[in-house]
Amino acid sequence: MKHINHNYAKRSKRLLLPLFLLLSGLVLAACNPANNADNSAASSGSSPGTESPAATTPASSPTEEVITITIDNVGATAWLVTTVEGAQGIAELNTQNTAITLEPGQRYRFINNGGGFHPLDFRDASGNFLLTQNSVQGSFENDTEVNFESDATGVTFTLTPALAEQMATYWCSVHPPMTGAINIASGN
Ligand SMILES: [Cu+2]
């Protein structure tokens, strides 16, 4: 009896070990491809996902041509337009407080070399702020179509018809003598 039991136990141990190895192998086989699939899906899915928005953003912005107007201050008495890029004849260069002609629908970048001492703003005929480089909120600064951008270097905006209807002058926020007219080009 003992002998038989011993043999049986030995045999069942011999069967259990391969069975355990087989089962654990199946568990590993079931887990590993799943993990690999998750990892590859995450890594291959995330890199095109992060690259494509970065690729589309620069592709869409150069299609819009921006006219760049650089201005400077003459002490606290006047503005000068020093250069215009992307258009001709819209302002007399190096002429104190010259009138600037802007065209509705066009996007403009004003580079203000007057710096922080001479914040640039655009006002209506009554002197109300429409767009300002200073901390005051101009009435068109949150207009999505105007898409106003302001930083230490200058301001950028699209002259929508509604904004064009009101824009009359450009000023230095600090010095009242620093002002010139904004003329609106008639529609083409
Ligand atoms: Cu000024």
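One open sheet of the protein chain has five strands in the order 2-1-4-8-7, with mixed pairing. Its edge strands are strand 2 (78-85) and strand 7 (149-150), each of which pairs on one side only. Strands here are DSSP runs of E with at least two residues, helices are runs of H or I with at least four residues, and both are numbered from the N terminus. Two strands count as paired if DSSP finds at least two bridges between them.

The structure is a predicted model, in which local features need pLDDT of at least 70 and side-chain atom pairs count only at pLDDT 80 or more, while totals for chains, interfaces and linings use all residues. Residue numbers start from 1 along each chain as its sequence is written.

Within the 2-1-4-8-7 sheet, strand 4 (residues 107-112) and strand 8 (residues 154-158) run antiparallel and are joined by five bridges. Tyr-108 stands opposite Phe-157 in strand 8.

A further open sheet, also of five strands with mixed pairing, has the order 3-10-9-5-6. Strand 3 (100-102) and strand 6 (129-132) are its edge strands, each pairing on one side only. On average, neighbouring strands of this sheet are turned by 30 degrees against each other, direction ignored. For such angles, axes are lines fitted to C-alpha atoms (for helices over the stretch in contact), and values run from 0 to 180 degrees between N-to-C directions. Strand 9 and strand 10 (residues 179-184) pair in the antiparallel sense over three bridges. Tyr-170 has Gly-180 in strand 10 as its bridge partner.

Taken over the protein chain, the secondary structure consists of two helices and ten strands. Their pattern along the sequence is α-β-β-β-β-β-β-β-β-α-β-β.

Ala-168 lies in the loop between helix 2 (161-166) and strand 9 (169-172). Leaving out residues up to four places away in sequence, Ala-168 touches Arg-123, Asp-124, Ala-125 and Ile-182. Contact here means that two C-beta atoms, placed from the backbone, lie within 7 Å. From Ala-168 to Ile-184 the C-alpha to C-alpha distance is 8.4 Å, at a separation of 16 residues in sequence.

Two loop residues have a positive phi without being glycine: Asn-97, at about 50 degrees, and Asn-147, near 50 degrees. Most residues other than glycine have a negative phi. Asn-97 is in the loop between strand 2 and strand 3, and Asn-147 is in the loop between strand 6 and strand 7.

The table gives the exposure class of these loop residues. A residue is buried if 20 or more other C-beta atoms lie within 10 Å of its own, exposed if 12 or fewer, and partly exposed in between, with C-beta atoms placed from the backbone.

| Residue | C-beta atoms within 10 Å | Class |
|---|---|---|
| Ala-168 | 17 other C-beta atoms | partly exposed |
| Asn-97 | 19 C-beta neighbours | partly exposed |
| Asn-147 | 12 C-beta neighbours | exposed |

Of the 188 residues in the protein chain, 21% are buried. Among contacts with a separation of 6 or more, 49% are between residues 24 or more positions apart.

The average pLDDT (the predictor's confidence in each residue, from 0 to 100) is 79 for the protein chain, and 65% of the residues score at least 70. The pLDDT is below 50 over residues 4-10, a stretch with zero contacts in the model beyond near neighbours in sequence. Residues 15-62 likewise have a pLDDT below 50 and zero contacts beyond near neighbours in sequence.
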